[in-house]
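Student: Got a minute to go through this one with me? I'd like to start with the overall layout.
Tutor: Sure, put it up.

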Amino acid sequence: MEHLLEVKNLKTQFGIDGTTVKAVDGVSYYVDEGEVVAFVGESGSGKSVTQYSGLQLIPSPPGKIAGGEIIYEGENLLDFGPRSEKMREIRGGKIGVIFQEPMTSLNPVMTVGNQISEAIMQHLNLKKREAKNRAIELLKTVGIPDAEHRVDYYPHQFSGGMRQRIMIAMTLSCDPKLLIADEATTALDVTTQAQILELMKDVVKRTHTSLVMVTHNLGIVARYADRVYVMYAGEIVESGPTKEIFNNPKHPYTLGLLKAVPRLDSSKDSKLVPIDGMMPDLSNKQDQCAFQPRCNHYTDHCLSSPSPQLKPVDEGQKHLYACYENINKNLFEEKLKKKSSIQEQEEESLYKTELTEEKDTILEVKNLKIYFPVKKGLMKRKIGDVKAVDDVSFKIKKGETLGLVGESGCGKTTVARSILRLYETIDGEISFKGQDIANMSKKDLRFLRKNMSMIFQDPYSSLDPRKTVESIVGEPLKNHKLVKTQKEYQKRISELLSLVGLDPTVKDRVPHEFSGGQRQRIGIARALASDPSIIVCDEAISALDVSIQAQIINLMKELQAKLGLTFLFIAHDLAAVRHISDRIAVMYLGKIVEIGDWRTLYENPQHPYTKALLNAVPIPDPLVEEERDRIIIEGEVPSLLSRPKGCPFSNRCPLASAECLDVEPALKSIETNHEVACIKV
Amino acid sequence: METGTAKVIDKKVYTSPAAAVPPKRSSVKRFLKVFLARKVVVFSLFVLLSLVFVAIFAPLVAPYDPYYQDLTKSLQKPSMEHLLGTDMLGRDVLSRIIYGSRVSIAVGIVSVIIAGGIGMILGLIAGYFGGFIDSIIMRFMDAMMAIPMIILALFIGSALGGGLDSVMISLGIALVPSYARLTRGQVLSVKESDYVLAGTISGTSNFKNMFVHVLPNSLSPIIVLVTMNLGIAILAEAALSFLGMGINPPGAAWGAMVNEGYKYLMSQPVLSIAPGIAIIIVVLSFNIVGDALRDALDPRLRGRI
């Protein structure tokens, strides 16, 4: 059978500082008509570059396509220049691309209608009038309500999810045969992500288009893809039908990824197994298995042999892998499932004691309200409030982890910042170790700063690029005069660095010399320096790759056990939160809608929003995914300025009735350790 | 709880170091390697050093007394006797350029240091604290910018009462607003970085945060502005001298020489071109060295070069 797109032995290289980086190194793949193909891999694995090479969108110089063939409908695209008429026709006309960042991929000074029409007029030779009609039609296809009016809106008048829909409409405008979605939903919230993915799947099915998904999210792959290519260091290391890949991974890297990613449905105590080390430097790649330095299964044969080629698992099968060893998943399943009934009972009793155990409350937040005034006009008259946090109360006990989850704009970061007293005025009570933080004087803040610290989201912007590791980690030590002599100072810094798994000799390096995961470790060492009793983690793992994420989660759990730390863990990734938290609070539009211990909340969610949120998270297992019911909630998180009356969730809630618009539900206890704010429960 | 979690943890995972870090180079070596990476930088540095040498040892280097007038030899073309010819009073141009380097380089460097120092502090305070303080400082700067630089300098200079010192000070003050604005803009973006917030959370005082985290990370464009302003200051000194402030005849300064020479531009172009080229060389060298300095101080290049 003729493939729609077939790529043979593609090589893309970048010349940087006199060295050649082999970003794509001999990649071959194909896409058939009407199929959904996923490319997975961590950042830097070359999955996006592969796609852009196909469209000849590689910036050149420094990039160049060094070899290979890209055959689309019988023609080798590499025979045409990147700026040729033919390539322009193919890009957009035959192959459409949906980019990651919906905020920047639309032109802000053109109406969306004009942007879509532009592409249509270019490729389909239609008149302006006809093009606009087609644009309206397309906007309806992608589910933009009131398309006739909205076609004349500018991009800033749409939310992120809506913009991504418009991007999809634009790529669909010329009836392409192939869509490439490059991390198209990564920047979106979980519920919006689910909507967009469903939309893409639906559109692909209806128009019989092929879809290439580039993603790092294994859950999305399991839920939507027919076939998978796993990439590592510019090579495809494994490929095959989705179910095969997930159930019987043959390459150690695939297996590593599957074990490193936290799952919504796995046992909490099944530990995440990180992949040690990091991606090799692609500028001096040897002809050897690129994964070997991080592999647990390598033999002497791997060290002395050239890079392994893709070979079928069984003769004639579609499942291919590039490894000399023949690993068996069963072996790992055994390891994972070895838990006997005795262990389960033990766990159960441990869980019960945890529930009943009385521990000191270390932090208590009562009726916290953070309003930001909205001012307008010359006189800066106050016209209203943005209620970022509206009447939030919770407690954190010593030694536990409270997870705070919610979509962007729900106020979780604002809660964290008010606990750290980063706002001047705070309405409500926050008591920390019996001291009132909300009204603490500047002088007493010293106590707070010593006992509370924070781990940041972005390891690239949270470390001062001009300071050495020593002065970064030592800053709290010096501020609080925790060490007396230089010798003691040095000793403590070495101690902190080894605690987070860094070699103490790296003290005099600057942050730029480290990888993302290592930087995050430095950030953790800084947070630990003043020996705080509570650490606020604001999306501390969101910016990291899956294998690194597992390392950091494990490190945090270990440190908690060792040092008796208390965490307030803020995240939008529900699976990761579940893995680390003892109790979890779900926030929506500045309110806590449900709070409970991790088990009750995940196994028996009561609030419709929690249910929808959990349902929206794909599980990296195609068999599980097949059996799940989908609840796709409509709409998106409303702006804080146009908060619905009554229950904040009422306009999206499947259970909502007239009553919900009147009553603002308060949290009520429905069982031990489980509170829900919904009048229908 | 604690024991419960401990059970789950696999020790092996953490004791393995996070990953290999590239080998370290001594920081001085690295600085020099980046700084002197390009030949043009080495050359510019050499030019600047020799100029400073010449300025200091002017009496030994100069072939003639720069103030000695010999009207019989006025406006001579360049010759072996007078390499760059003589001016209308018969003074040797080369000697005057050599002596003039003392004034010009001093005016350039000192006024830029004054402007940069004051401007940076004001911009830092305005940007970091914002609000009322910001409005006060920046409106004052706006008012200063509304007056042309030369006129402002003239005004301050005449209040201070002539002479080389007052030229430096008045030029320095007149240049302050550009530094204040630039620094404020940088500070506004840098102070929003997570690492500044991290400083606050770990108990660093505002004052320390400002100087330890914010200022060093705002410096790059200021270094560029400094090297650009050197030339402006040297030329402005000429204008001030022309207007009767600063160096009075017969004192030698490059700007003043350009000014005196332009009357003879058609008949004796070397009179103003020669000091003009001297100014260009100094400004260009400072620019190149400044750029290299900025790169060498940038930690982002560490480990890579």
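Student: How many Å separate the centres of domain 1 and domain 2 of chain A?
Tutor: 33 Å, taken over C-alpha atoms. Keep in mind that this is a predicted model.

Student: And where do the bounds of those two domains fall in chain A?
Tutor: Domain 1 takes residues 5-94 + 174-321. Domain 2 covers 361-676.

Student: How many residues of each domain are in contact?
Tutor: 35 residues of domain 1 of chain A are in contact with 34 of domain 2 of chain A. On the domain 1 side, helix 7 (190-207), helix 8 (218-224), helix 9 (242-247) and helix 10 (252-260) of chain A each give two or more residues.

Student: Which element gives the largest share there?
Tutor: Helix 7 of chain A, with seven residues. By type, that side of domain 1 divides into 17 nonpolar, nine polar and nine charged residues.

Student: Switching to the sheet. What's the strand order in chain A?
Tutor: 18-19-20-15-21-22-24-23. The eight strands form an open sheet with mixed pairing. Its edge strands are strand 18 (452-455) and strand 23 (668-671) of chain A, each paired on one side only. On average, neighbouring strands are turned by 20° against each other, direction ignored.

Student: Take the strand 18 end. How many bridges join strand 18 to strand 19 in chain A?
Tutor: Four, and the two strands run parallel. Strand 19 of chain A spans residues 534-538. One of the facing pairs is A:Ser453 opposite A:Ile535.

Student: What about strand 19 to strand 20 of chain A, parallel or antiparallel?
Tutor: Parallel, with five bridges. A:Ile534 has A:Thr566 of strand 20 as its bridge partner. Strand 15 of chain A also pairs with strand 20 in the parallel sense, over five bridges. There, A:Val405 stands opposite A:Ala571.

Student: Why is strand 20 of chain A largely enclosed?
Tutor: Because six of its six residues are buried.

Student: Which of them point which way?
Tutor: A:Thr566, A:Leu568 and A:Ile570 point one way, and A:Phe567, A:Phe569 and A:Ala571 the other. That fits the general pattern: side chains alternate between the two faces of the sheet in a regular strand.

Student: Which helices lie across these strands?
Tutor: Helix 14 (residues 412-419) of chain A lies across strands 15, 19, 20 and 21 of chain A, at about 150° to strand 20. Helix 22 (residues 608-616) of chain A lies across strands 21 and 22 of chain A, at about 105° to strand 21.

Student: Now the core. Which residues have the most contacts inside the largest nonpolar one?
Tutor: A:Met213, A:Leu568, A:Phe569 and A:Val586, in a core of 248 residues. Helix 6 (residues 93-129) of chain B gives the largest share, 15 residues. Domain 1 and domain 2 of chain A each supply at least three.

Student: What is A:Met213 in contact with, leaving aside neighbours within four places in sequence?
Tutor: A:Val36, A:Ala38, A:Ala181, A:Ile220, A:Tyr224 and A:Ala225.

Student: Last one, chain B. Where is B:Phe211 found?
Tutor: In helix 11 (residues 206-242) of chain B.

Student: Why does B:Phe211 count as partly exposed?
Tutor: Because 13 other C-beta atoms lie within 10 Å; buried would need 20 or more, and exposed 12 or fewer. B:Phe211 is also 9.8 Å from B:Ile121, C-alpha to C-alpha, although they are 90 residues apart in sequence.

Methods: Residues numbered from 1 in each chain as written. Chains lettered and ligands numbered in written order. Predicted model: local features only at pLDDT ≥ 70, side-chain atom pairs only at ≥ 80, totals over all residues. Pairing = 2+ DSSP bridges. Axes fitted to C-alpha atoms, helices over the stretch in contact; angles between N-to-C directions. Contact = placed C-beta atoms within 7 Å. Domains from an automatic or database assignment. Nonpolar A, V, L, I, M, F, W, Y, C, P; charged D, E, K, R; others polar. Core = buried A, V, L, I, M, F, W, Y, C linked by C-beta atoms within 7 Å.
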